[in-house]
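Please open the model in your viewer and keep the selection tool at hand, since each stop of this tour begins with something to select.

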Amino acid sequence: MLISFDWLKQLIHIDKTAEETGALLTGAGLEVEAIHNFDQVKGGLEGIVIGEVLTCERHPDADRLSITTVDIGTGEPSQIVCGAPNVAAGQKVVVAIVNSTLYPTGGEAFKIKKSKIRGAASEGMICAEDEIGVGTSHAGIMVLDTDLPNGTPAAEYFGLRSDKVFEIGLTPNRADAASHLGVARDLKALLRVPYTLPSVEDFTVHNNSRPIEVVIENTEACPRYAGVTVSGVKVGPSPEWLQKRLRAIDLAPINNIVDVTNYVLHELGQPLHAFDTDKIKGDKIVVKTAEADSKFVTLDGVERKLKANDLIICNAEEPMAIGGVFGGQESGVSDETTSIFIESAYFSPDYIRRTGMAHGLKTDASFRFERGTDPNMVITALKRAALLVQEVAGGEISSEIVDVYPQPVQNLELTLDIERAHSLIGQHIGAERMKAILTDLGIEITGETEEKLHVSVPPFKVDVTREADLVEEILRIYGFNNIEVSEHMATMYMASFPKPYPEDVNKTILDYISANGFHEIITNSITNSKYYAAGGDGETAGLVKVLNYNSEDLDVLRKSMVFSGLEVLRYNINRRQRDLKIYELGKVYEQLEDGYKESRKLALYMVGNTTAESWKQPAQKVAFHDLASVVQNVLQKLNAADYEVQAIEQSRYMRQGIAYVKNGTVIAQVGLLDAAVTKVVDVKEQVWYAELNWDYLLKKYKDKLVAEELPKFPEVRRDLSLVVDRNLTFEQLKQVALRTERKLLQGVNVFDVYEGDKIAAGKKAYALSFTLLDRQQTLTDKVIDGVMNRLMQQFEKQLGAIIRK
């Protein structure tokens, strides 16, 4: 946001420099990121002075050049070679001295240097108007009629004044400061001097020849709408003072009517719009929400498809503007306009924000409306604009002010506990100082006791909604730098960090995953409810809805990590990046009967090939074990390897996969995403997906490393082949073995699986290896055979296995 220092001083007396004022504003929360110089003429005519030609003689070696001596107020005349045909002794002229920079009209800037022209020294330049940027003529040098002393800056002669412009990084909560008036209000509290609103006392209704009826159909979207007609206006360029004000804040002047509405917007913070009265069919304005998918052409010539919640300003027959955002092409002011209707309204921030986001439109008006404007400024701004229009475009006010305001916005009543305020501030500043600050900021004190202040907060203070906000207002004006650090304050106590520290664990695991070729992604927690609608009521149940969403594609908080990653995969696949390994540690959200649940998940995705095709080896597609091995290693690093493996029989997202279960809790899942799920996000490739229950794993994680001595006695391996029902999994076989022999059995592995015509139909053959170890003594054949016999018996008994011998 840009604020003109000169403009600001029209509203409040400031006896400080721009730099000092900028420091004050920054300390009060309006951070001045930069202070720029603004000049009516580029360069501000710096280094250009009034001079007097003392002598003028023809150059001996050039017929079209003259050698002059010019008094520029330095005591010693300067010799200047001049090529203008009209130069003569006794003239008052404009001189660019050595080392000054000229910014000619329509040309490149250049610096004046000492030089020799055809052998004659030249110390400066006598200028034409186009050479210093004040005009376009190049017929000859400027000859001035002035009594100003030689050496007087040319800017003084031309009446040029430079300005300082503050570039303020306005935070979203400070809608009240989005104008020169808003900044002046803060300066009033900081400097303890009053500000002055522009006078509207001269507002007079001349006749009621062009009344416009106003009807508000949606009072939620538009609580207040006002307007007035000005007839007999002449559209044309704005006067220089108005153009200068707008250029100072980087706005291009358009015409006197539009410039007035922009001027009042930046002066008072109230957006306005001017309609051509002759184009308001039926002399009636209707404020309502649009019909879905209806078409409307905006001022930029773009035909837009309106949404059902778009607020539109209509005449008796058709839309004329998107309320609070953009005007229409047909109803705007043109060179032929002779009568205008000035709109001043208060629109709901929620409606304006959604409309602006939906259509990708950001204007100065929508910037303020979507943050919250002052409903009490509507009429003042309207009168101010009408008076300025009369001043710069003529005309007369030809209607009474129409003001539809069915339910006035009330002030917010709050109570401030004085002692609690002192506690939050950290210093005793006194109730009187608090009252003075709040009053200067426009907050009314409605009652008080020794312990409390009762205040009435006006609507323009949209960020003040509770007691803590009042304390913040007091503190930012009082000054954070004025809060003394207590001599008793020390750093002897520091809060302890949890052990293990979660962020350290996160970094260790994520570094490991990255080292395995995965790329980390960070996606938006807000997503599209349509992704879940495809799964039916079971999936949409529990979705956390965003109440004031800006886009229909971002209307709920994600319930699963699946779709966030799929969006990233789609983006990359569409750009021919097809071999992808990505991961994200993020949060998912769910609405429960008694509140909300927020949890963290680690999600991994693999798609395409594990290795690129080369002459050494063909490309190999990603398979289940490529992702499962990474997940198992992560669980190992988290000391969570004592899990059970269960097949995923039914899942909303996975077509097939397994779950890792510990103490009855699923700590991880790995599988292939169902094609119906990937199709929702328009991903056609197979996607392998893993999701880890990060909150549970961190909660159970212990960083203690237990080391034990290497066994002194050798381990023994025995193999076993058995035939079982084809539905039995290796995990089931492994669990039977571990339950049967808890002491000596160290590990079970499968090294071959067979299904075919050499065994009975519906059967499957497993070749298993068993690792046995006794840490106290060497295993004997008798002990080993005993273990293997017990295993075979249990396989036969519990699983109906046939032992192949």
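The stops below take in two helices, a network of salt bridges, a nonpolar core and an open sheet.

**Stop 1: helix 12**

This is a predicted model, and the tour starts with a selection of residues 467-478, which make up helix 12. At 1.5 Å a residue its twelve residues should span 16 Å, and the end C-alpha atoms are 17 Å apart, which agrees. Helix 12 is mostly covered, with ten of its twelve residues buried; among them are Leu470, Val471, Ile474 and Tyr478, but also the charged residues Glu467, Asp469, Glu473 and Arg476. Now add helix 2 (18-27), helix 4 (180-191), strand 26 (412-417), helix 10 (418-425), helix 11 (431-440) and strand 28 (452-457) to the selection, because the buried residues of helix 12 pack against these elements. Just after the helix, glycine 479 takes a positive phi of about 110°.

**Stop 2: helix 4**

Move next to helix 4, which has twelve residues and reaches 16 Å from its first C-alpha to its last, close to the 16 Å expected. Ten of the twelve residues are buried, so helix 4 is largely enclosed by the rest of the structure; His180, Arg185 and Asp186 are included among those buried residues. Just after helix 4, arginine 192 takes a positive phi of about 60°.

**Stop 3: a network of salt bridges**

Which residues should be shown as sticks to see a linked network of salt bridges? Select Arg174, Asp176, Asp186, Lys461, Glu473 and Arg476, which are linked in this way. Within the network, arginine 174 forms a salt bridge with aspartate 186, the closest N and O atoms being 3.1 Å apart. Arginine 174 lies in the loop between strand 13 (163-169) and helix 4, whereas aspartate 186 is in helix 4, so the pair ties together parts that are twelve residues apart in sequence. Arginine 174 counts as buried at 3% relative accessibility, and aspartate 186 is buried with a relative accessible area of 1%. The side chains of lysine 461 and glutamate 473 also meet in a salt bridge, at 2.6 Å from N to O, with lysine 461 in the loop between strand 28 and helix 12 and glutamate 473 in helix 12. Both lysine 461 and glutamate 473 are buried.

**Stop 4: the largest nonpolar core**

Select Val230, Ile257, Val260, Val264, Ile340, Ile342 and Val389, which touch the most other members of the largest nonpolar core, a set of 36 residues. Strand 15 (224-231), helix 5 (240-248), helix 6 (256-268), strand 16 (272-276), strand 23 (339-346) and helix 9 (378-393) each supply at least two residues of this core, and the largest share, eleven residues, comes from helix 9. Centre the view on isoleucine 342, whose contacts include Val228, Val230, Ala274, Leu382 and Val389. Apart from this core lies another, of 35 residues, among them Val622, Leu627, Leu672 and Ala690.

**Stop 5: an open sheet**

Finally, show the five strands of an open sheet with mixed pairing, which follow the order 14-17-20-21-22. Strand 14 (213-216) and strand 22 (326-327) stand at the edges with a single partner strand each, so one side of each is left without a neighbour in the sheet. Strand 21 (residues 319-322) runs antiparallel to strand 22 and is joined to it by two bridges; to find one bridge pair, select isoleucine 322 and its partner in strand 22, phenylalanine 326.

Key:
Residues numbered from 1 in each chain as written. Predicted model: local features only at pLDDT ≥ 70, side-chain atom pairs only at ≥ 80, totals over all residues. Heavy atoms only, no water. Helix = DSSP H or I, 4+ residues; strand = E, 2+ residues; numbered from the N terminus. Expected span 1.5 Å × (residues − 1). Buried < 20%, exposed > 50% of the residue type's maximum accessible area, 1.4 Å probe, protein only. Contact = heavy atoms within 4.5 Å. Core = buried A, V, L, I, M, F, W, Y, C linked by side-chain atoms within 4.5 Å. Pairing = 2+ DSSP bridges. Salt bridge = Lys/Arg side-chain N within 4 Å of Asp/Glu carboxyl O. Lists of a residue's contacts leave out its neighbours within four places in sequence.
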